[in-house]
Amino acid sequence: MKIEAILIAALIVACAVSHSFAATASSDGYDPNADAPVYAIALQPDGKALIGGDFTAVGGGAFSRIARINADGTTDTVFAAQADGRVVAIAVQPDSKILISGQFNTVNGAMHNCIARLNADGTIDDTFLATGANGFVNAMALEPGGRIVIGGDFTRVNGAACNRIARLMPNGQVDTDFQSVPGADRNIFAIELQRDGKILIAGEYTELDGTPHSQIARLNANGSVDPNFIPGIAAGSTVTAVKLQVDGKILLGGCFGGSRQQVVRLNPDGSIDAMFGAADADDAIGALATQPDGRIVMAGAFRTVGGASRNRIARLNLDGSIDPAFADPRTSDTIRAIAVQSDTKILIAGDFTRVQDHPRNHIAKLYADASIDKNFAPYFAGKEDQFSVYAAGLDMEGNIYFGGTNLGYLGKLRIVHKDGSAAQAFQFNNDAQVYAVSPQADGKLLIGGQFTRISETTHFAIARLNFNGSVDSSFNTTLLVGDAVNALIIQPDGKILIGGSLCYIPRFNSDGSLDVNFKPGSGTDRPILSIALQTDGKILVGGDFSRFNNLSCPYILRLNANGSIDASFKTSSGPNNGVYAIIIQSDGKVLIGGSFDQYNGVSRNHVARLNADGSLDVSFDPGPITEGGVRSMTLQADGKLIIVGTFKDFGHSGRNGIARLNTNGSVDSSFKSFNYEADSLAVQSDGKLLVSSLRLANPDAACQSLSISNDGYTVIWNLGGSYPWPYQVLFETSTDGIAWKILGWGFPVPSFGYRLNNLSKPIQQNHYVRATGWVAGGVFNGSVSLHRSVLWAGQTGLPISAAHDWALYR
């Protein structure tokens, strides 16, 4: 289709309205900055982290031995608690109350010996009647019914004889039905609960209930020793960490020798698991955690694991071999506590003051590859005086693709790692703007724009690149000179929808050939700028057009899956100006952004929400915008909407260029105004925002979890907080984590996530499950980011609840 010059110019103008900005780094790195060692970390369901230790200040504020950290690393000033001595263990109850234990005598000025319970705001819970222990309480575990198992170096709790182990009732009184005497003769450092109610205890004791016993044991639910558990670790060992895998096997860490150095895995009967490789550490291990995908994170005082340099933290594969994808973080001193977040990042705490040569006092956050969460500064910043970013997308490794103008000295597309450093293997050179990027699940990259050449080879407006930036010659499309592509949408069947100055919507097969079964007709009278895909296969289209197939369709319309116009989508007079971004909510309602200030004659300044039939949702009213428009939008899993563009004073709130809206359209005052006009927006899996070439911290945590129903017939991806909301989700399963079989495409559940119900047969034992989500972003929401979650469900078919590893060790 020949495109008239005026239409080409219209797209260029639309894409270039944004100012060009010199790149600067934003303060998005995680750095709470405690003034003394941190010994304990506990994650709340909202993503905030509770920390305990020897510190008296965090982030420059006074916080004595306990504090709460927001998702962005700032301290939560609402939380007001203080202890007079070291806090070494923290546990969060389902009712949000907080148990703390350690070596203190008072909490908030009141007498509480070594154990106390706080309300969610940090005040003392007066309903907890425990008067305390006469010695250190090093470990705690919460039973499903609310009872609390504690271990340490005490001999009395609430005045009653309890040798190093005790169980408290939910009100803090000692559970007299639990056998605590004779108990253990020396310290207990770690406790882990099994699903069957039995209790694993670990420490440095040599006698248990008056008989010789090694440093790991299993108790029955009443506290008696389980004689069927016969551990195979060497005598004289000290076990400081214990973690139960989903298959019932038991990981131990500590200071011990024999056939396994510092780390070992036991079978459910206590015998050593010979299938677990000898990834021996050269010094003590004090903390263990498992990722949802089954990989094992361990931390302590060691410097090498399996002969490889791994300073104080390492990750193991399921077979015990060291995971080379988790690099050496070069931590300067001992790590004493770790916690794996739902966004796959890892919190570490301890004695250290530097991580990867960056100052990090006693607490830090690592990405899943062990790189530190630090301020983002893309390597191309400063190579040109000015540049514009239009396209932004992320692959499943978290690498970031930027497309635009003058992104360095070699072209209009750049890929950077999470810290902003260049992906050296990616080499790309083209002759004009890149407006859209879409990473594929196989690692290849679709790009769209206004280019005509890539690396001296003719390619008009659309191409597919290999992982190294070379052109994928197996992908062949035909567009005319002068065409520009600014929207790329990959359907579940692998077919590709594009939009741009060509003023119609072609659909290509996965090899680039035209899909002749998709028949959108003659198209629009002006450029198509935005495309959104519904889960039922229907397609929403927005732009600067007023007609489609010679029918009046001002600025927005919906097509059926075959390309014909959907007459059930009735907009009446619709918006009175361009629609540049479209997002579909989980309930089927449609969010639109653009340059309009009315919809169906009702005032709606640049943002509106439509019902599924195209009518205006009057309950969503963002209020006025002084000038400008909305160029890109993204939806959080909690329903909040983030918008960027050239607007001024959004809703009379002083928000310029970027704002976050509540579910009713009002401005979210908790989201800071950055006053930064931009065209491009993308969201990382941790909720951080990529706005043009900046990355901004998100005050809310990104929460997600993947699980399987009890009967095995349903897979569930629960999404919450600032996790980006995908427009489509694919569920897969595997027996080895390498070869994957498609289970099916999920369907959205409002305020919850995605589900896949009624599988033909239940998921079998020893399997992985993964979910992959596609999220729109970039200018006109024409780019795509991929987000993924992987779950190892073990032999039981069901994941266990996360348990705490609170180990105090020497």
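This tour moves through two nonpolar cores, a cavity with its lining strands, a hairpin and a small sheet, in a model that is predicted.

**First stop: the cores.** Begin by selecting Val-607, Met-633, Leu-641, Ile-643, Leu-706, Trp-717 and Phe-731, the residues with the most contacts inside the largest nonpolar core, which has 33 residues. Centre the view on Leu-706 and show its surroundings: leaving aside residues up to four places away in sequence, Leu-706 touches Val-715, Ile-716 and Trp-717, then Phe-731, and also Val-769, Arg-770 and Ala-771, together with Ser-789, Val-790 and Leu-791. Apart from this core lies another, of 21 residues, and to find it you can select Ile-489, Ile-528, Phe-545 and Ala-776, which are among its members.

**Second stop: the largest cavity.** Keep Ala-776 selected and add Ile-582, Ile-583, Ile-584 and Tyr-727; of the 15 residues that line the largest cavity, these five lie nearest its centre. The volume of this cavity is about 140 Å³, and the model holds three cavities of 30 Å³ or more. Which strands each supply at least two residues of the lining of the largest cavity? Colour strand S45 (528–533), strand S50 (579–584), strand S55 (630–635) and strand S67 (767–777), since each of these does.

**Third stop: the S45 hairpin.** From the cavity lining, stay with S45, a mostly covered strand in which six of its six residues are buried. Next select strand S46 (residues 539–543), which runs antiparallel to S45 and is joined to it by five bridges. Ile-528, already met as a member of the core of 21 residues, has Gly-543 as its bridge partner in S46. Follow the chain from S45 to S46 and you pass through the turn of a hairpin, with five residues between the two strands, where Gly-537 has a positive phi of about 90°.

**Last stop: a three-stranded sheet.** Finally, move to the open sheet whose strands stand in the order S58-S59-S60 and pair in antiparallel fashion. Strand S58 (681–683) and strand S60 (694–696) are the edge strands, each pairing on one side only, and the twist from one strand to the next averages 25°. Select strand S59 (residues 689–691) with S60 to see an antiparallel pair joined by three bridges, and close on Val-691, which stands opposite Leu-694 in S60. When judging where side chains point, bear in mind that in a regular strand they alternate between the two faces of the sheet.

Notes: Residues are numbered from 1 along each chain as its sequence is written. This is a predicted model: local features need pLDDT of at least 70, side-chain atom pairs count only at pLDDT 80 or more; totals for chains, interfaces and linings use all residues. Side-chain values use heavy atoms; hydrogens and water are left out. A nonpolar core is a set of buried Ala, Val, Leu, Ile, Met, Phe, Trp, Tyr and Cys residues joined through side-chain atoms within 4.5 Å. Buried means under 20% relative accessible area, exposed over 50%, partly exposed in between (1.4 Å probe, protein chains only). Contact means heavy atoms within 4.5 Å. Two strands pair if DSSP finds at least two bridges between them. Helices (H or I, at least four residues) and strands (E, at least two) are DSSP runs, numbered from the N terminus. Axes are lines fitted to C-alpha atoms, for helices over the stretch in contact, and angles run from 0 to 180 degrees between N-to-C directions. On a 1 Å grid over the protein atoms alone, a cavity is a set of points where a 1.4 Å probe fits but cannot get out, and a pocket is an open set with protein on both sides within 12 Å along at least five of seven lines; lining residues have an atom within 4 Å of a point. Grid points are joined across faces, edges and corners, and a volume is the space filled by probe spheres set on the points.
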